[in-house]
Amino acid sequence: MSPLLVWAIRMVTELAPDILAAVRERKRLLARMAPEAVKGGRATIREYLGQLVDSGQKIPTDARRELEPRFGLRGADPTVTPGVGRLPVAAQYLAGLLEVAPAQVSTFVRDRAEEFPPHLFGHGAPLDIPVTAKIGDHSWTEKIDFAQVPDLAICLAAAALVVISYLSGTRPEEALHLERGCRSTEEREDGTVRYKITGRHFSGVRDKDGNTQAGREIREDPWIVIEPVHQALAVLEELTDERFLLPHSLTTKPKPVEIRVPVASQDMVTAWIAKFISWANEQSQLHDRPHEFIPEDLDGAVVLVRFRRTVAWFIYHRPGGRIALGVQYGHVESTMGESYAGRSKADTLQILNFEQGLAMADSLAEASDRLSSGEGVSGPAAERYLAAVSEYGNKYAGAFVTTRQLKAIRTNPKLQVFEHERSLLACNFAPYAALRQRERPGGEPVQRTPSHDRCQAACPNIARTDTHIERAKAEITEINAECAEGLNPLPITRRLEQRRATLAEIIDKHERTRIHPAPTTGDRT
């Protein structure tokens, strides 16, 4: 998910201006093409191609098509050696430049094949627009080719859809039915900006009598989203002129008019996302960025329905983790919570709550296994930690945990155990005891989960097990190796030494004060 989101956000926020400029230029050239043969068109074509040849420039070609054998002559020998010949001339591109019909360009070049041998033809038809975006320190491409634009447009639409679906919590149909003008902003009195989406929802739609309807209606409360989602919507509004932001017409495979529908199908956008992933991986190779390669998904194709559950998994199973380009998952969580606060139907908040329950159950189950194998516990919350693990083991260990039981785990104040490996501790979270909560005005806790990046050493919610201490010892080993190299500036070395001293104190205190769970009498059945 991480590299996919990296490329999607990069596409929307950095590469989009270049691609949109290419889309506009291609549209301008297509609009200039004559619908039928223009009088004097062959003379215009001859003059233009002659100028290209005389100036040493190459004749534009269609890079998406295969080589034509023997200069593209009619009746060419089908047994000719493969690869001998040239790419077909970029008929639409030249027709737009010269305001003639594409057929006139193709016919002229075919009839004058001996006059224009293969070495005079280039590879592609680069558009006359500047490329400003970079990947790393280098331009992401030298030129954008006329024939590449439709595929780039689909990749851009797919990237925008990934950002919207993943970071807003919209369902697939809700995302696909977003319309032009759906985005808005609200400047609040405290100076912050709230980004909103107004759209249709399909779940729980009822008529005035309370009967479920299969149709759709405008959602009463807007989605509250973060800025990258707002930018993605702006990109889609500029990409096409149609009412829906993800129209069925945005395809490289035209279909008969009678079977067209206004909105892209889920099968279509699945293919778009696959195309985008393939393009992103090509760019990863071209720009030597192997860490941004998107690996094949072992669970199959990346489909829209998976995004809402995926973001929930990251929020509760990767606490404190960051989305690409510094967008925090915690920000996404609070934004989604605000957007769904007034709804009672199954929605993103329920998915987030489900994932939180799973994360807590996983932490307690893992803790139970460690304590059963003889691990000790230290810290001010050691007794509460042991009690939480014992209660979980007595009620749920070894059994399938139902949705109702997950809710009970999540709401039980005695089972609020949160693990974070980088913090080298387990948090037995009690909001009124947490030092960070005490600092807030009024004394009323404003959050019901810990802030792992702001832990204080004296917090009474801290517990540590032997596993946490082993991680601390491993970190000391790394610090010793780094200090022994002697390559760091003095301030960094002093900071590492302070960190080592803090870890040594934590280890010593744990080994002096740790306790073990009381032995059980008899086996549970």
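This report describes the fold of one protein chain, taken from a predicted model.

## Overall composition

The protein chain has 525 residues, of which 45% count as buried. Its secondary structure comprises 16 helices and 13 strands.

Two further values describe the chain as a whole. When contacts between residues at least 6 apart in sequence are considered, 69% of them join residues at least 24 apart. The surface exposed by the protein chain is about 28,200 Å², and carbon and sulfur atoms supply 50% of this area.

## The nonpolar cores

The largest nonpolar core contains 91 residues. Those with the most contacts inside this core are Met 11, Leu 49, Trp 140, Leu 239, Trp 272, Phe 276 and Trp 279. Helix α5, which covers residues 149–168, gives the most to this core, with 16 residues. Trp 272 illustrates the packing: leaving aside residues up to four places away in sequence, Trp 272 touches Ile 154, Ala 157, Ala 158, Leu 246, Pro 247, Leu 250 and Ala 264.

A second core, separate from the one just described, has 26 residues. Tyr 385, Val 389, Tyr 396 and Cys 459 are among them.

## Cysteines without disulfides

How many disulfides does a search of the whole structure find? The result is zero. Cys 459 offers an example at the level of a single residue. The closest cysteine sulfur to that of Cys 459 belongs to Cys 427 and lies 6.1 Å away, which is too far for a bond, because a disulfide requires the two sulfur atoms to be within 2.5 Å.

Cys 459 is buried, with a relative accessible area of 11%. Cys 182 is buried as well, with a relative accessible area of 3%.

## A three-stranded sheet

Three strands form an open sheet in the order β5-β6-β9, and their pairing is antiparallel. Strands of a sheet pair through backbone hydrogen bonds, in either a parallel or an antiparallel manner. Which strands stand at the edges? They are β5 (183–187) and β9 (223–225); each has a single partner strand, so one side of each is left without a neighbour in the sheet. On average, neighbouring strands of this sheet are turned by 35° against each other, direction ignored.

Strand β6, residues 193–197, is joined to β9 by three bridges. Here Ile 197 stands opposite Trp 223 in β9. Helix α7 (residues 227–239) lies across β5, β6 and β9, and runs at about 140° to β5.

## The loop after β6

Thr 198 is placed in the loop between β6 and β7 (200–201). Is Thr 198 buried, exposed or partly exposed? Its relative accessible area is 40%, so Thr 198 is partly exposed.

Thr 198 and Pro 222 are 24 residues apart in sequence, yet their C-alpha atoms are 4.8 Å apart in space. Not counting residues up to four places away in sequence, Thr 198 touches Leu 178, Cys 182, Ile 218, Pro 222 and Trp 223.

## An enclosed helix

Helix α3 (residues 91–98) is largely enclosed by the rest of the structure, because six of its eight residues are buried. The buried residues of α3 are Ala 91, Tyr 93, Leu 94, Ala 95, Gly 96 and Leu 98.

What covers these buried residues of α3? The cover includes the helices α1 (2–32), α2 (41–54) and α4 (102–111). After α3 comes Glu 99, whose phi is positive, near 60°.

Methods
Residues are numbered from 1 along each chain as its sequence is written. This is a predicted model: local features need pLDDT of at least 70, side-chain atom pairs count only at pLDDT 80 or more; totals for chains, interfaces and linings use all residues. Side-chain values use heavy atoms; hydrogens and water are left out. Buried means under 20% relative accessible area, exposed over 50%, partly exposed in between (1.4 Å probe, protein chains only). A nonpolar core is a set of buried Ala, Val, Leu, Ile, Met, Phe, Trp, Tyr and Cys residues joined through side-chain atoms within 4.5 Å. Helices (H or I, at least four residues) and strands (E, at least two) are DSSP runs, numbered from the N terminus. Contact means heavy atoms within 4.5 Å. Two strands pair if DSSP finds at least two bridges between them. Axes are lines fitted to C-alpha atoms, for helices over the stretch in contact, and angles run from 0 to 180 degrees between N-to-C directions. Accessible areas come from the Shrake-Rupley method with a 1.4 Å probe; for residues, only the protein chains shown count as cover.
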